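Work through the exercises below with the sequence and coordinates open. Each task is followed by a solution in steps.

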Amino acid sequence: MGKGSKTCEDCGGSCGPRTKICPHCQSRFTFKPKSKNQVRTSKVPFDWRDLKRGVRIKAVQTYGQYSGIFKVHRVHDDGIVVHGQDGYCFLYMGEDGISPTTGQWREPHKLELVK
Ligand SMILES: [Zn+2]
C-alpha cells in the first residue's frame, strides 16, 4: 500500500488518500469522529495479575461489562478493583461462568495498557 493511501472497509481495496467513494465497490467512506476518551494503548499482551496500583488501563466494551479508562487500585484473585469515572468498580478477570453471587453470566474483561 502506498504512502497516504487507505483501505476500503467494505471490499479491502486500496484507494487514494482523498478518495470519497471507493473505485472498487462504490461504497462511501465515512470519517469516524474522534472520541474524547481516545487514548493510545499497547496491544502487547500482559498479565493483569502483575498490574501495579495507579497504572492506567482501558477496558474494551463487551457484553454487560465495564468499559473505559481506569486506574488500578488493587489486584484480587479473580479480578481488579479499579477507579474510573464513576468511582470504584471491580473488573472481573476469572473464568467464564455464572456468578454465584448475582446468578448472571460473566466473563473476563478485555484490557489494554494505556501508554
Ligand atoms: Zn471498496
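**Exercise 1. Find which residue of β10 stands opposite Thr41.**

Solution. Step 1: the model is a predicted one, and the residue to start from is Thr41, whose opposite residue in β10 is Val114. Step 2: place this pair in its strands. β3 and β10 (residues 110-114) are antiparallel and share two bridges. Step 3: β3 covers 41-42 and is an edge strand, pairing on one side only.

**Exercise 2. Give the strand order of the open sheet that has six strands.**

Solution. Step 1: the order is β3-β10-β4-β5-β6-β7, and the pairing is antiparallel. Step 2: name the edges. These are β3 and β7, each of which pairs on one side only. Step 3: set the sheet against the whole chain. The protein has 10 strands and zero helices, so the pattern along the sequence is β-β-β-β-β-β-β-β-β-β by the strand and helix assignment used here.

**Exercise 3. Trace the pairing from β4 through β5 and β6 to β7, with bridge partners.**

Solution. Step 1: β4 and β5 (residues 68-75) run antiparallel and are joined by four bridges. Lys58 has Ile69 of β5 opposite.

Step 2: β5 and β6 also run antiparallel, again with four bridges. On this side, Lys71 stands opposite His83 of β6, and Val72 has Val82 of β6 as its bridge partner. The connection from β5 to β6 is a hairpin through three residues.

Step 3: β6 pairs with β7 (residues 87-92) in the antiparallel sense over six bridges. Val81 is partnered by Phe90 in β7, and Gly84 is partnered by Gly87 in β7. Two residues lie between β6 and β7, which form a hairpin.

Step 4: recall what holds such pairs. Strands of a sheet pair through backbone hydrogen bonds, in either a parallel or an antiparallel arrangement.

**Exercise 4. List the residues of the largest nonpolar core and say which strands each supply at least two of them.**

Solution. Step 1: the core has seven residues, namely Ile57, Ala59, Phe70, Ile80, Val82, Leu91 and Leu111. Step 2: at least two of these come from β4 (56-60), and at least two from β6 (79-84).

Step 3: take Phe70 and leave out its neighbours within four places in sequence. Its contacts are then Ile57, Ala59, Val82, His83 and Gly84. Ile57, Ala59 and Val82 are themselves members of the core.

Step 4: for scale, 9% of the 115 residues of the protein count as buried.

**Exercise 5. Decide whether Gly79 is buried or partly exposed, and describe its surroundings.**

Solution. Step 1: Gly79 belongs to β6. Step 2: count the other C-beta atoms within 10 Å, which gives 18. A buried residue needs 20 or more and an exposed one has 12 or fewer, so a residue in between is partly exposed. Gly79 is therefore partly exposed.

Step 3: ignoring residues up to four places away in sequence, Gly79 touches Phe90, Leu91, Tyr92, Met93 and Gly94. Step 4: Gly79 and His109 are 30 residues apart in sequence, and their C-alpha atoms are 8.8 Å apart.

Step 5: consider contacts over the whole protein. Of those between residues at least 6 apart in sequence, 29% join residues at least 24 apart.

**Exercise 6. Which residues does Lys6 contact, leaving aside neighbours within four places in sequence?**

Solution. Step 1: Lys6 is in β1 (residues 6-7). Step 2: with that exclusion, its contacts are Cys15 and Pro17. Step 3: Pro17 is 11 residues away along the chain, and the C-alpha separation is 5.8 Å. Step 4: Lys6 is partly exposed, because it has 15 C-beta neighbours inside 10 Å.

**Exercise 7. What is the phi angle of Gln26, where does this residue lie, and is it buried or exposed?**

Solution. Step 1: begin with the usual case. Most residues other than glycine have a negative phi. Step 2: Gln26 is not a glycine, yet has a positive phi of about 65°. Step 3: Gln26 is located in the loop between β2 (14-15) and β3. Step 4: Gln26 is exposed, because it has 10 other C-beta atoms within 10 Å.

Note on methods:
Residues are numbered from 1 along each chain as its sequence is written. This is a predicted model: local features need pLDDT of at least 70, side-chain atom pairs count only at pLDDT 80 or more; totals for chains, interfaces and linings use all residues. A nonpolar core is a set of buried Ala, Val, Leu, Ile, Met, Phe, Trp, Tyr and Cys residues joined through C-beta atoms within 7 Å. Two residues are in contact if their C-beta atoms, placed from the backbone, lie within 7 Å. Two strands pair if DSSP finds at least two bridges between them.
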